[in-house]
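Student: I would like to take a close look at a single part of this structure and then see how that part fits into its surroundings. Could you take me through it slowly?

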Amino acid sequence: MLQRLIKKEDLKKLIASVKKEGAFYGPIRGSEGLSLSELNPDDEVAFAYSNFKLPLKRQFFPWSEEICTYEAESMTDVPPSEEKVVIFGVRPCDAFSLLYLDKIFLDEKFIDPYYRGRRDNSIIISLACREPLKTCFCTSVGVNPAGKEGADILAFEVKDSLIFEACSEKGKEFMETNSAIFKKPGEADIKARDEEVSAAEKRVQAIDLSGITEKLQGCFDSPIWEEIAQRCLGCGVCTYSCPTCHCFGLYDEKVGLKGRRIKVQDSCLFPSFTLEASGHNPRGSDEERMRQRIMHKFRYTVESFEDIFCVGCGRCIINCPVNMDIREALAEVIK
Amino acid sequence: MSSNCRANPYLPKPVTIEKITIENEARDLKTFRLAFCNGDDKKGFKYECGQFAMLSIPGAGESPIGIASSPMDEEYLEFTVKCYSTGVVTTALHNLEEGTRIGVRGPYGNSFPLKEMEGKNVLIVGGGFAFTTLRSTIRYMLIKKNRTRFKNITVIYGARSPGELIYKPELKEWEERDGIEMYVTVDRGDANWKGREGFVPSVLQEVAPSSENAIVLVCGPPIMLKFTMLPLLDLGFSPDKIITSLERRMSCGIGKCGRCNVGTMYVCKDGPILNYKQIQELSEGIF
């Protein structure tokens, strides 16, 4: 396993190197707080944050993207992006979520060319978690605050340095290409890292999800859905801030004869999501939609892929305007 | 990976509307006959009875529609579309004229189990304009070289009124020919109607086709499906021999957008054709 050390102040050299043929995205503090943005070598890379407000998925599956353009009756293909991108500083939960999105968008029968283009051309350098939030429950859904899943390189903060550990061939190649910027970590650095990692893992407040899928199999018609959904406003912020929610719609925008078709993130919590042209809506009530969201993540994906499509990032809890808590809903199901 | 994997699955293939047939008195059901603009697209579009495609109109959007032509109709594709005042795409489509160029993506979904139907009596039960993919199947089975593969073909088809029966010239042709037994019914006839009156489920009970070595394909509005299942079971059809086709709102048609998800199934790729046993096993109600 390739392990290398880089001084935080030398990140600017890495950014400059990456920028020669692509873009470098990383954490930066601006007027609206912390964000994952494209960085220049002179930008001050932020540290000491818990997580980004928005999920990593939008780098690969943007809020909206063009899939074709048209003029009068003729339609033209929009090719996928080939921009090389390095993404630094995302948390292991977000990196893990890409493995779930891969199962949908890279399903071998039909591959989404836009998602694939971005996946093929990106390198993910995730940064191990040091300060999990009270809303984090990653360890309950198989994610570790220092997990490597979905990352090409896993980085650890050790004082004024970062330890980079290659997790994929792509990551290893990247570190070798930039070897001049790195040096070998000392034993003390490795030890400090290991201590941080195990402390962080202990701080995650785990919840008991044992038997959740079986419980869900037995409670489709239960009155709990009405109870759970009662507070929900149906705003869909949980679905937009979820790293694994991947529902979308295709919409046309046209001015005069010219227009474009766009793929837009959508939410199963919106009544229009399943509303048919005839006026019939097979999922017409709030509780049916809430049930669908929870069933999809904690039952259907388990039955289809043997995976719970949740990485425990807690964004749905943090961003909910009426303080709904998925942990409470799941506890209600298990009860 | 083959170059095909890089192709954009969301990009429709251009087709020209060759012919538009108004199917009913209310004039809200039209059959669109489409021809591919490019030979390669035509060759690439190999479909089976029961599959659907996305019809794509620049500026309006896309709509999943069952293919009403038969795979043996090599020169064209046909789709029968109902216009809903609330349906953006169906309204736009109904306003188009012959000669207009639109787009098609597909074919998508699974198909009627034609292999399993071979050597069996085939019962077809249809209601309203959900008769489209059943029409595709009947056309396919009645082709001379295909006909011998199937035993008796019995069709029970109903609509609200005589004016709402679709594919009228074909219904007449089938009634007059051998090799197919037709029972066309309307909920309520008019002064000129000399045919059968009555709802599809009751006509089914009257005709009482044997379930012996038989399979039934049934498509119709949810209410008809609901009241047809019991008589079919009473006739001795086992749930796995009762085949139907589901509908759901769809966007991508390729199992990604999540709209048509029902349980672990995506209607677009795991359906739309399901047997009644599979439907009973789905937690979410279908009809």
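Student: Between which two strands of chain A is the loop in which A:Ser140 lies?

Tutor: Please keep in mind from the start that this is a predicted model. A:Ser140 lies in the loop that connects strand 7, residues 122-127, with strand 8, residues 153-158, of chain A. Although a loop residue, A:Ser140 counts as buried, because 20 other C-beta atoms lie within 10 Å of its own, and 20 is the number from which a residue is called buried. If we leave aside residues up to four places away in sequence, A:Ser140 touches A:Ala206, A:Ile207, A:Leu209 and A:Gly312. One of these partners, A:Leu209, is 69 residues away along the chain, yet its C-alpha atom and that of A:Ser140 are separated by 6.8 Å.

Let us now step back from the loop to the strand that comes before it. In strand 7 of chain A, 6 of the 6 residues are buried, so this strand is largely enclosed by the rest of the structure. The burial concerns both faces of the strand: A:Ser122, A:Ile124 and A:Ser126 are buried on one side, while A:Ile123, A:Ile125 and A:Leu127 are buried on the other. Strand 7 of chain A also has partners in pairing, for it runs parallel to strand 6 of chain A, to which 5 bridges join it, and here A:Val90 stands opposite A:Ser126. Strand 8 of chain A, at the other end of our loop, is likewise parallel to strand 7 of chain A and is joined to it by 3 bridges, with A:Leu127 standing opposite A:Ala155.

Strand 6 of chain A leads us on to a helix. Helix 1 of chain A, residues 11-19, has buried residues in A:Leu11, A:Leu14, A:Ile15 and A:Val18. These four residues lie on the same side of helix 1 of chain A, because the arc they cover around the axis is only 100°. It helps to recall that an α-helix has 3.6 residues a turn, so residues three or four places apart point the same way. The buried residues of helix 1 of chain A pack against strand 1 (3-7), strand 2 (22-30) and strand 6 (84-90) of chain A, and strand 6 is the strand that we have just met as a parallel partner of strand 7.

Finally, chain A has a neighbour, since 36 residues of chain A are in contact with 33 residues of chain B. On the side of chain B that touches chain A, the elements giving two or more residues are strand 4 (61-66) and strand 6 (101-108) of chain B. Sorted by class, this side of chain B has 11 nonpolar, 15 polar and 7 charged residues. Chain B itself contains 10 helices and 15 strands, and its radius of gyration is 19 Å, close to the 19 Å that the globule rule gives for 287 residues, so chain B is as compact as a globular protein of that length. Within chain B, domain 1 (3-107) and domain 2 (114-245) are distinguished, and their centres, taken over C-alpha atoms, are 25 Å apart. Between these two domains of chain B, 16 residues of domain 1 are in contact with 14 residues of domain 2.

Note on methods. Residues are numbered from 1 along each chain as its sequence is written. Chains are lettered from A and ligands numbered from 1 in the order in which they are written. This is a predicted model: local features need pLDDT of at least 70, side-chain atom pairs count only at pLDDT 80 or more; totals for chains, interfaces and linings use all residues. The radius of gyration is taken over C-alpha atoms; the globule rule is 2.2 Å times the number of residues to the power 0.38. Domain bounds come from an automatic or database domain assignment. Two residues are in contact if their C-beta atoms, placed from the backbone, lie within 7 Å. A residue is buried if 20 or more other C-beta atoms lie within 10 Å of its own, exposed if 12 or fewer, and partly exposed in between; C-beta atoms are placed from the backbone. The arc is that of the directions from the helix axis to the C-beta atoms. Ala, Val, Leu, Ile, Met, Phe, Trp, Tyr, Cys and Pro count as nonpolar, Asp, Glu, Lys and Arg as charged, and the others, Gly among them, as polar. Two strands pair if DSSP finds at least two bridges between them.
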